[in-house]
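Trainee: I am new to this structure and would like a close look at one part of it, the salt bridges and what surrounds them. Could you take me through that part slowly?

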Amino acid sequence: MKGQVYLYDQAQKGLFKGMNPFMTLVSIFMVLGTVFLGVFYAEESAYWVAALRDWLTPFLEWYYVLLVAFLLFFMIWLGVGRYKNVRLGMEHERPEFTFFSWVTMLFAAGTGVGILFWSVAQPIMQFQNNPFLDLAASDADAAVIAMRLSFFHWGINGWAIFSFVGLALAYFSYRHNLPLTIRSVLYPLFGERVRGRLGDFVDLLAVFGTVFGIATTLGLGVQQLNAGLKEVFGFADSTGLQLTIISVIMFIATLSVASGLSRGVRLLSEMNFWMSIAAVLFILLLGPTQYLIGITIEATGDYIQNLLRMTFHTNVTHGSAWQAEWTVFFWGWWLAWSPFVGIFIAQISRGRTFREYVAGVLLVPTGITIVWIGLFGGTALYQELFTGGGVVEAVDKDIATALFATIAGMQLPDMATSIVSGLLIILLGTYLITSANAGTLVINTLLSGGDADPPVIHRILWGIFLALLTAVLLLAGGLETLQAMVIAAALPFSVVVIGMIIGLLRELRSERFSPRSGERVAPLAEPWVVAEELATEHTEEAEITSESTK
């Protein structure tokens, strides 16, 4: 497979120059068809999407659980097992980005918008009801359990999905010179057939999941941004304002994507990171500091202790709808986003070893997420437990208001409340721009046959398409429709993920070892390798050594 990179069916002239014409046309019709149904058959579309979700739920309650659990253990094995020193690139290559820039881009594109939306809403909603809550538990215990479940849905399990897709793509692209698309990972299974319609179909599934994953995230972020503008500036909570916000966000994102990955996305990500630090320090220093530190530590321990139990929870008795509303939705969301985030992570991770990559992508964003949810969610729970509450009522009325209701409940001077709410509005807006920016680039990378620098005109076109699709999904039914669509969109791509696992394992058999200075270079053996095979390998090594010393 090694050699000159050959992009998949990229047109050399005409309207689709630089793109795969077949995939581009199919994708455009898919989006326009969804927009048509959402505009002219909004109620019917919402009904059928909800019905599809209800039909899939019993299957997904165990299928998604099993797949995500496998990916978690698989990634840990890749990071600490025999292949830990394999490099995402040639042996002489070193990472392009510093560790700081790398981590900020991981977090900004991976979970920035979602965690702003759910960091207060989810702990408050779990505080009221979840299947792990003992009826005899106190409110204080319920708060810890709510935090634990929030950590679970935003923690290491979800990042195992992102990290696997990113690692597989980077490995085949940078070590075997294949285009940076999903189909490349299936090369060991299908060979040259990935260059034909089979490969087009695989990448179209990735585009399908990515488009609806981004639209869901943008929809949630726009609803929250509307709530913030209402809180700070008194704007009405209206569909018209939300459509205006979508237009502005996508306009800025479409302009910024032309600046390229290294400059535009990196600068936005680093700005987001520093604004996030400022928001965290504000909550920590002016909020209930001792309680926030205590509940974050306790909930983290509770999360670690119960990780296996939660990972394999399948709601086998079907005693409640919690599993479908939370775990199935979140695993579907992570899977739908994984082509987008995976390609983005691969683009910024060239030169890192499996060990560096797995440690960075699994642990660092998870740690940042725990701190963020611990402080923001902990502040909301403190208000409910000790200061008369108000956040529960706000969340039950409108989930998008959770974050700003918490800031208002801190009972700070009006000027301070306005300042921090304004900061969060800016932070949310920049996270939306970053996600839309990177998402537009990734969609075009897939549709251009793996070109990391697709034509600007098509980036602009897909910025418009994403804005239209997000607007239509909001009009068709709001949050429920967004959640149902992302769950359905993730299912076909999950089958591709299984194929990617097999393809990566097959190709890794050629990686006997990857030496690093000062480390053992003899190949490590798996426990199931028979003694005779090991003896043969060691005999061959001894003969080679003897010949070289003569």
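**A close look at the salt bridges**

Mentor: Let us begin with Glu192, which is partly exposed because its relative accessible area is 47%, a value that lies between the 20% under which a residue is called buried and the 50% over which one is called exposed. Please keep in mind that this is a predicted model. The partner of Glu192 is Arg195, and in the salt bridge that these two residues form the closest N and O atoms are 2.7 Å apart.

A search of the whole structure finds eight salt bridges, and another of them joins the side chains of Arg197 and Asp200, again with 2.7 Å from N to O. Arg197 and Asp200 both belong to helix α7, which covers residues 197-233, and because they stand three residues apart there, about one helical turn separates them. Their surroundings can be described one by one: Arg197 is exposed, with a relative accessible area of 53%, whereas Asp200 has a relative accessibility of 0% and therefore counts as buried. The pair also belongs to a wider arrangement, since salt bridges that share partners join Arg183, Arg197, Asp200 and Asp203 into one network.

A further salt bridge is the one between Arg175 and Glu511, whose closest N and O atoms are 2.6 Å apart. Arg175 lies in helix α5 (residues 156-175), while Glu511 lies in the loop between α18 (479-508) and α19 (531-549), so this pair ties together parts that are 336 residues apart in sequence. Both Arg175 and Glu511 are buried.

For the surroundings, it helps to look at two other places as well. Leu461, in helix α17 (residues 456-477), is separated from Ile28 by 433 residues in sequence, yet the two are 9.6 Å apart in space, taken from C-alpha to C-alpha. With a relative accessibility of 28%, Leu461 counts as partly exposed.

The other place is a nonpolar surface patch of about 780 Å², made by Phe59, Trp62, Leu66, Phe73, Ile76, Val80, Leu308 and Phe312. Helix α2, which covers residues 42-80, gives the largest share of this patch, namely six residues. Trp62, one of the residues that make the patch, has its place in helix α2, and at 43% relative accessibility Trp62 counts as partly exposed.

Methods
Residues are numbered from 1 along each chain as its sequence is written. This is a predicted model: local features need pLDDT of at least 70, side-chain atom pairs count only at pLDDT 80 or more; totals for chains, interfaces and linings use all residues. Side-chain values use heavy atoms; hydrogens and water are left out. Patches are made of residues with over 30% relative accessible area and no salt bridge: like charges are joined within 9 Å, nonpolar side chains (Val, Leu, Ile, Met, Phe, Trp, Tyr) within 5 Å. Accessible areas come from the Shrake-Rupley method with a 1.4 Å probe; for residues, only the protein chains shown count as cover. A salt bridge is a side-chain nitrogen of Lys or Arg within 4 Å of a carboxyl oxygen of Asp or Glu. Helices (H or I, at least four residues) and strands (E, at least two) are DSSP runs, numbered from the N terminus. Buried means under 20% relative accessible area, exposed over 50%, partly exposed in between (1.4 Å probe, protein chains only).
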